[in-house]
Amino acid sequence: MQFSELNDPSAMSHPEVHGVVVLARNGDRTECPQHPITYQAGSTASTPLGEVQAYQLGTFLRSTYISPSSSSHIQGISSDLVDLKEVHVRVKVGTEGASVFDSATAVLQGLFPPTEKNRMTLANETTVVAPLGGYQYVPIETVEPVNDRSLESWTNCPAFQKHVEQVLKSDKAREVEKNAQPFFNTLRDFVFGRPTTIENMYNLYDHVSSELVHNKTFAHRFPPTFIEQARGLANFRENAIFSDERMGGIGNIASRTVLSSILKALQRIAFNDDPLKFMLIETTYQPFISFFHQTGAVKKHPELQAIPDFGSAIAIELRRAPPPDAREFLRFKWRNGTSGNFETVNVFNHHEDIPLTEFIYRLENSVVDSNREWAQACQASSASSWMGLESSDVAANRFMDAVFGMTALFFLMLFAWFGSHAVKSYRRRNYVRLQGDEMIHANPQVVSCGTQNEKA
């Protein structure tokens, strides 16, 4: 379903775009197996195809929001040379970190391509153009889950792990798995020993889809309908896990944390004295599913209950009404993959743009704004449970801390005892009792003193 601004009734009422926040998924990468319960993932790397997809997204965003000829051009944004005060980039570097970072770099290359205007004249009147024909370097803020849970909140989260287990044990999941047994029996020949279960369905889909793109022999052998069946089962699994009936439920934890960055950026853009106009958040697929559920977009657009393709993006446009209405409104644009145009998606049962104040009001009680709030939502008992330790390791970690502490105290006392005895022994060897007087002389050079020496 395609939407255009010509058919959008709110386009005429809020024509000016004053800023945009983009949530983007990374491009194609190598296979990335992840634990079906904890979502801890192995290493992965971006591919040239993924970098091209991300670059295409960047050029699309430039033509939509940076180019002065676009009807959605951001008012007042620098179109030739990037103004670093107007742009902010946050990148998730947890699971799939390498491919996400590379994708963000490629998006920025498309957004702000090299230009000969990126030059300067030195004091000796020599003109210097930046490398690669005027390459524009845009700073990237990396968000690591060991110190900031905003872009990866579903790992090391005890409450979310319980939620995953409950979903996989539900009657619905068992029914889907039972009905999929004929497909699983045939799929075994193509997954090389991987468990063919609904629990492992994302890894199965990730494997066959990756092989279908990168392995010519596999692509020639794989039945054409199998990828659609695998995608459907993976969509069912991930949609059930990264969603919740309650807006503030643990199933929506992926979007509840990323919305903290989104809302702060929108408030900065709305503030006239803040120069921010464009924010890019590069991440993986999980927040997209939760975002569409948390904002109610899936009610009008059920097709959004799925894993987004590589290079997908949500653009949240901040628009202003003409005077005398001075309010800010939000319009949500969505593009799945790297082809086609943006589609307008309505949230919270609105049929047009939603006021920024209403959007914040509806979400403020469910958004997670800090690591402390994340720990409370995840029922993490201590800071160690979000610093990289599994929740099951917390109790064992406390026990080991106690053992190490007692051992250290024992060795400290033993060292003190040996030290005190060594000092006493040293004093006995170096003190000499003089003849006559009952006193101690501490000079090690004196061995004996005769009577004549005393008189002298």
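1. Leu132 is exposed in this predicted model, with a relative accessible area of 67%. The residue lies in helix α4, which covers residues 131–134, and its phi is near 60°, a positive value in a residue other than glycine. The value of 67% is over 50%, the cut-off for an exposed residue, so Leu132 falls into that class.

2. Gln379 also has a positive phi, about 55°, although it is not a glycine. Where Leu132 lies in a helix, Gln379 is found in the loop between α15 (371–378) and α16 (393–430). Its relative accessibility is 56%, and Gln379 therefore counts as exposed. A colleague checking backbone geometry may take the two residues together, since a positive phi is recorded for Leu132 and for Gln379.

3. Tyr135 is found in the loop between α4 and β5, the latter spanning residues 141–143. Is Tyr135 buried or exposed? With a relative accessible area of 16%, Tyr135 is buried, because this value is under the 20% limit. Leaving aside neighbours within four places in sequence, Tyr135 is in contact with Thr105, Gln109, Pro114, Asn118 and Ala130. Thr115 can be added to the picture by its backbone distance, as the C-alpha atoms of Tyr135 and Thr115 are 6.6 Å apart in space while the two residues are 20 apart in sequence.

4. Helix α11 (residues 253–270) and helix α14 (residues 356–363) pack at an angle of about 155°, and their axes are 12 Å apart. Since angles over 145 degrees count as roughly antiparallel, α11 and α14 are therefore described as roughly antiparallel to each other, and their crossing is left-handed. On the side of α11 the residues involved are Leu259, Leu263, Leu266, Gln267 and Ala270, which meet Leu356, Phe359, Ile360 and Leu363 in α14. The residues of this contact divide into eight nonpolar, one polar and no charged.

5. Helix α7 (residues 181–191) and helix α10 (residues 226–241) form another packed pair, with an angle of about 115° and axes 12 Å apart. How are α7 and α10 oriented to each other? They are roughly perpendicular, and the crossing of α7 and α10 is left-handed. The contact is made by Phe183, Phe184, Thr186, Leu187 and Phe190 of α7 together with Phe226, Gln229, Ala230 and Leu233 of α10. By class, the residues of the contact of α7 with α10 comprise seven nonpolar, two polar and no charged.

6. The two helix pairs can be set side by side. For α11 with α14 the axes are 12 Å apart, and for α7 with α10 the separation of the axes is given as 12 Å. The angle is about 155° for α11 and α14 and about 115° for α7 and α10. No charged residue takes part in the contact of α11 with α14, and none takes part in that of α7 with α10.

7. As to the chain as a whole, its secondary structure comes to 17 helices and 12 strands. Buried residues make up 48% of the 456 residues. Among contacts between residues at least 6 apart in sequence, 70% join residues at least 24 apart. The accessible surface of the protein chain comes to about 23100 Å², and carbon and sulfur atoms account for 55% of it.

How values were computed
Residues are numbered from 1 along each chain as its sequence is written. This is a predicted model: local features need pLDDT of at least 70, side-chain atom pairs count only at pLDDT 80 or more; totals for chains, interfaces and linings use all residues. Side-chain values use heavy atoms; hydrogens and water are left out. Helices (H or I, at least four residues) and strands (E, at least two) are DSSP runs, numbered from the N terminus. Buried means under 20% relative accessible area, exposed over 50%, partly exposed in between (1.4 Å probe, protein chains only). Contact means heavy atoms within 4.5 Å. Accessible areas come from the Shrake-Rupley method with a 1.4 Å probe; for residues, only the protein chains shown count as cover. Axes are lines fitted to C-alpha atoms, for helices over the stretch in contact, and angles run from 0 to 180 degrees between N-to-C directions. Angles under 35 degrees count as roughly parallel, over 145 as roughly antiparallel, 65 to 115 as roughly perpendicular and the rest as oblique. A crossing is left-handed if the near helix is turned anticlockwise from the far one by less than a right angle, and right-handed if clockwise. Ala, Val, Leu, Ile, Met, Phe, Trp, Tyr, Cys and Pro count as nonpolar, Asp, Glu, Lys and Arg as charged, and the others, Gly among them, as polar.
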